[in-house]
Amino acid sequence: MPTHLPCTWSGVFPAATTQFDPALAVDLPATQRVQRALLRDGVHGLVLMGTVGEGNSLSADEKRSVLVAAVEASENKVPVIAGVSEFTTAAAAQFARDAERLGAAGLMVLPAMVYVPTAAELEYHFRTVAAATRLPIMLYNNPPSYRVNIDIPTLSRLAEVPNIVALKESAPDSRRFTDIINAFGDRFVLFAGLDDFVFEGLTLGARGWVSGLTNAFPVESLLLYESLCNGELERARQIYRWFMPLLHLDSEHDLVQTIKLAEQIMGRGSERVRPPRLPLSGGRRSAVIAMIERARDSRP
């Protein structure tokens, strides 16, 4: 197997939200408050500007400002991983260069947005972004959202790229964790990417969890992770069963709105989102609020 960068990432990495003021401008002080609160609770890293961080709703300058704020908030105590989610490969490579210059510890690279690539185009995109930076890279595989799967043959070719070190796996099929480990051993550090697959992912060999609901329930998320790491399966099952109704929200199309609403109810942030997203309303809002309040009032 070719030499590759060592990767020490592990643990619970919330997919941190980007906070907006009432005029829907990026609110950097509020965004930093969210980040610092998560760090005080003991999370092991921060992932910025992916799906939950509304990366594609931010301008180029806003993305760079959010990254600078997170690097400052982290005080170099945990890795800050910047999402790279752009419409073109050239823009993604440029952001990768800028993220390295601005202090990111790593990148989470998504397929190019909107266009659905062939396997060759997907590989070209990832290779080009990786070549633009010395930072370690986590690939983000999410076929339901981005309509393309990083299959085993593509991963095999990308294993040649030294700074592609990790994979956030959000395919809704827990068999992927075993298939990837069987194919590559420990070449890629695996992260569970769907909240309602985390028990399975961590049990099957993932080293970490990029999580949406951790934004609202960090203590319980860390307890779940620690219980699984310590082999306390019954305790982990109890937490997971309590958490599961909320964790399912991470797999829904309105995950950003529901996670930010949960943050607001738990006193950790605002539910404001940028259009075309709108805050939840009607029956969906009532149902999600009831779900969050039930979880809040019955925490293990």
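Is E220 buried or exposed, and what is its relative accessible area? The exercises below lead to that point and beyond.

The model is predicted, so local features need pLDDT of at least 70 and side-chain atom pairs count only at pLDDT 80 or more, while totals for chains, interfaces and linings use all residues. Residues are numbered from 1 along each chain as its sequence is written, and side-chain values use heavy atoms, with hydrogens and water left out.

**Exercise 1. Classify E220 and its salt-bridge partner.**

Step 1. Recall the classes: buried means under 20% relative accessible area, exposed means over 50%, and partly exposed lies in between, with a 1.4 Å probe and protein chains only.

Step 2. E220 has a relative accessible area of 7%, so this residue is buried.

Step 3. The side chain of E220 meets that of R299 in a salt bridge, at 3.8 Å from N to O; a salt bridge is a side-chain nitrogen of Lys or Arg within 4 Å of a carboxyl oxygen of Asp or Glu. The pair links distant parts of the chain, since R299 lies in the segment after α12 (282-297) and E220 in helix α9, 79 residues apart.

Step 4. With a relative accessible area of 42%, R299 is partly exposed.

**Exercise 2. Compare this with the pair formed by K77.**

Step 1. K77 forms a salt bridge with E75, and the closest N and O atoms are 3.1 Å apart.

Step 2. K77 counts as exposed because its relative accessibility is 66%, whereas E75, at 49%, is partly exposed.

Step 3. For the whole structure, the count of salt bridges is 20.

**Exercise 3. Describe helix α1 and its surroundings.**

Step 1. Helices (H or I, at least four residues) and strands (E, at least two) are DSSP runs, numbered from the N terminus. Helix α1 covers residues 28-41, which makes 14 residues, and its span from first to last C-alpha is 20 Å, close to the 20 Å expected at 1.5 Å a residue; the expected span is 1.5 Å times one less than the number of residues.

Step 2. At the N-terminal end, D27 caps α1, with a side-chain oxygen 3.1 Å from the backbone nitrogen of A30. After the helix comes G42, whose phi is positive, near 105°.

Step 3. Among the buried residues of α1 are A30, V34, A37 and L38. The elements that cover the buried residues of α1 include β1 (11-14), β2 (46-48) and α2 (60-74).

**Exercise 4. Work out the order of the strands and the place of β3.**

Step 1. Eight strands form an open sheet in the order β1-β8-β7-β6-β5-β4-β3-β2, with parallel pairing. Because β1 and β2 stand at the edges, each with a single partner strand, one side of each is left without a neighbour in the sheet.

Step 2. Two strands pair if DSSP finds at least two bridges between them. β1 and strand β8 (residues 208-211) run parallel and are joined by four bridges, and P14 stands opposite S211 in β8. At the other edge, three bridges join β2 to β3, where L46 stands opposite V80.

Step 3. In a regular strand the side chains alternate between the two faces of the sheet. In β3 both faces are covered, for V80, A82 and V84 on one side and I81 and G83 on the other are all buried.

Definitions and conventions
Contact means heavy atoms within 4.5 Å. A polar contact is a pair of N or O atoms within 3.5 Å; within protein, one must be able to donate a hydrogen and the other to accept it, and residues adjacent in sequence count only if both atoms are side-chain atoms.
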